Amino acid sequence: MGSRTAADTRDRIVTAAMAEFAQYGIAGARVDRIAKEARTSKERVYAYFRSKEDLYAFVARQELTVVAAASRMDPTDLPAYAGRIFDFFLSHPEHHRLVTWGRLELGDNAPAPDDPLMLMAAVKDKTEQLRKAQEDGYLDPSWDPFDILPLVHQIATSWATQPELAHVVKEQARTPDTAARRAAVVRAVQLLFPATTRDETASQ
């Protein structure tokens with residue numbers, strides 16, 4: 001019973017921290033507000049996490065794992081991958097705010113091995129997937145995989161990073177709906193990194 005109660009408390013802390021960091025960033029977040037929302041005490045928060053920064057690192061790693069699972073990169077179909085990223089952040093804008101706060105506040109310091117924003121192991125895994133796709137003829141080999149990844153991510157999150165344009169789009173875009181924005185994202189990635197099939201690759 002005690003372990004279940006402890007797990008429940010920890011889960012509430014993490015959920016409350018996610019909302020707090022997404023709204024206020026790392027510097028602006030307050031542990032007392034997190035504790036109040038989680039129906040616990042500041043002392044209990046610090047019993048699970050050494051510091052506010054440690055709590056942010058845990059939350060960011062957890063949330064980026066959720067993003068990765070929801071978007072699933074297929075190196076032979078990067079346009080579809082971009083579409084899934086677009087869909088996820090459209091439905092969960094708080095996830096994007098959470099990561100953006102960290103990028104702004106943690107700066108350009110060299111990442112630690114467990115850095116919550118870079119997730120170096122995940123980055124390495126994805127770039128290796130891209131490199132293998134190039135070797136197998138699915139992707140243009142003239143691109144450096146370390147350029148492909150941020151370019152696709154930047155295009156896919158272009159609307160998530162510019163929410164202030166939403167009202168202008170509704171008033172002035174030729175096609176103002178969200179489906180048109182998604183189609184533009186997918187098309188842009190398709191122009192840069194066309195999706196391929198095994199049959200197409202074999203015929204080249």
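Helices (H or I, at least four residues) and strands (E, at least two) are DSSP runs, numbered from the N terminus. The model is predicted, so local features need pLDDT of at least 70 and side-chain atom pairs count only at pLDDT 80 or more, while totals for chains, interfaces and linings use all residues. Residues are numbered from 1 along each chain as its sequence is written, and side-chain values use heavy atoms, with hydrogens and water left out.

**Exercise 1. Get the fold on paper**

Task: work out how many helices and strands the protein chain has, and what share of its residues count as buried.

Solution:
- Start with the elements: the protein chain has 11 helices and 0 strands. Read from the N terminus, that gives α-α-α-α-α-α-α-α-α-α-α.
- Next comes burial, with the cut-offs first: buried means under 20% relative accessible area, exposed over 50%, and partly exposed in between (1.4 Å probe, protein chains only). Of the 204 residues in the protein chain, 35% count as buried.
- Now the surface, using accessible areas from the Shrake-Rupley method with a 1.4 Å probe, where for residues only the protein chains shown count as cover. The protein chain exposes about 12,100 Å², and carbon and sulfur atoms supply 54% of it.
- Finish with contacts, where contact means heavy atoms within 4.5 Å. Taking the contacts with a separation of 6 or more, residues 24 or more positions apart account for 66% of them.

**Exercise 2. Describe a helix pair**

Task: find the angle at which helix H5 and helix H6 pack, and list the residues that meet.

Solution:
- Axes here are lines fitted to C-alpha atoms, for helices over the stretch in contact, and angles run from 0 to 180 degrees between N-to-C directions. Helix H5 (residues 78-91) and helix H6 (residues 93-106) pack at about 95°, their axes 4 Å apart.
- That makes H5 roughly perpendicular to H6; the bins are under 35 degrees for roughly parallel, over 145 for roughly antiparallel, 65 to 115 for roughly perpendicular, and oblique for the rest.
- On the H5 side you'll find Phe88, Phe89, Leu90 and Ser91, which meet Pro93, His95 and His96 in H6.
- Sort them by class and the contact of H5 with H6 has 4 nonpolar, 3 polar and no charged residues. For that sorting, Ala, Val, Leu, Ile, Met, Phe, Trp, Tyr, Cys and Pro count as nonpolar, Asp, Glu, Lys and Arg as charged, and the others, Gly among them, as polar.

**Exercise 3. Dig into the core**

Task: say which elements give two or more residues to the largest nonpolar core, then list what Ile148 touches.

Solution:
- A nonpolar core is a set of buried Ala, Val, Leu, Ile, Met, Phe, Trp, Tyr and Cys residues joined through side-chain atoms within 4.5 Å. The largest one has 21 residues, and those with the most contacts inside it are Leu78, Leu130, Leu139, Ile148, Val152, Val189 and Phe193.
- Two or more residues each come from H5, helix H7 (120-135), helix H8 (145-156) and helix H10 (178-192). H5 gives the largest share, 7 residues.
- Skip the neighbours within four places in sequence, and Ile148 is in contact with Leu78, Leu130, Gln134, Leu139, Trp143 and Phe193.
- Another core lies apart from it, with 20 residues, among them Val14, Phe21, Ala38 and Val45.

**Exercise 4. Compare residues in H8**

Task: is Leu149 buried or exposed, and which residues does Phe146 contact?

Solution:
- Leu149 sits in helix H8 and is buried, with a relative accessible area of 8%. Beyond four places in sequence, Leu149 contacts Met73, Val123, Lys126, Thr127 and Leu130.
- Phe146 lies in helix H8 too, but Phe146 is partly exposed at 47%. With neighbours within four places left aside, Phe146 is in contact with Val123, Thr127 and Arg131.

**Exercise 5. Hunt for odd phi values**

Task: where do Arg39 and Arg72 sit, and what are their phi values?

Solution:
- Most residues other than glycine have a negative phi.
- Arg39 has a phi near 60°, a positive value in a residue other than glycine. Arg39 is in the loop between helix H2 (31-37) and helix H3 (42-48), and counts as exposed at 62% relative accessibility.
- Arg72 isn't a glycine either, yet its phi is positive, about 45°. Arg72 falls in the loop between helix H4 (52-71) and H5, and is partly exposed at 48%.
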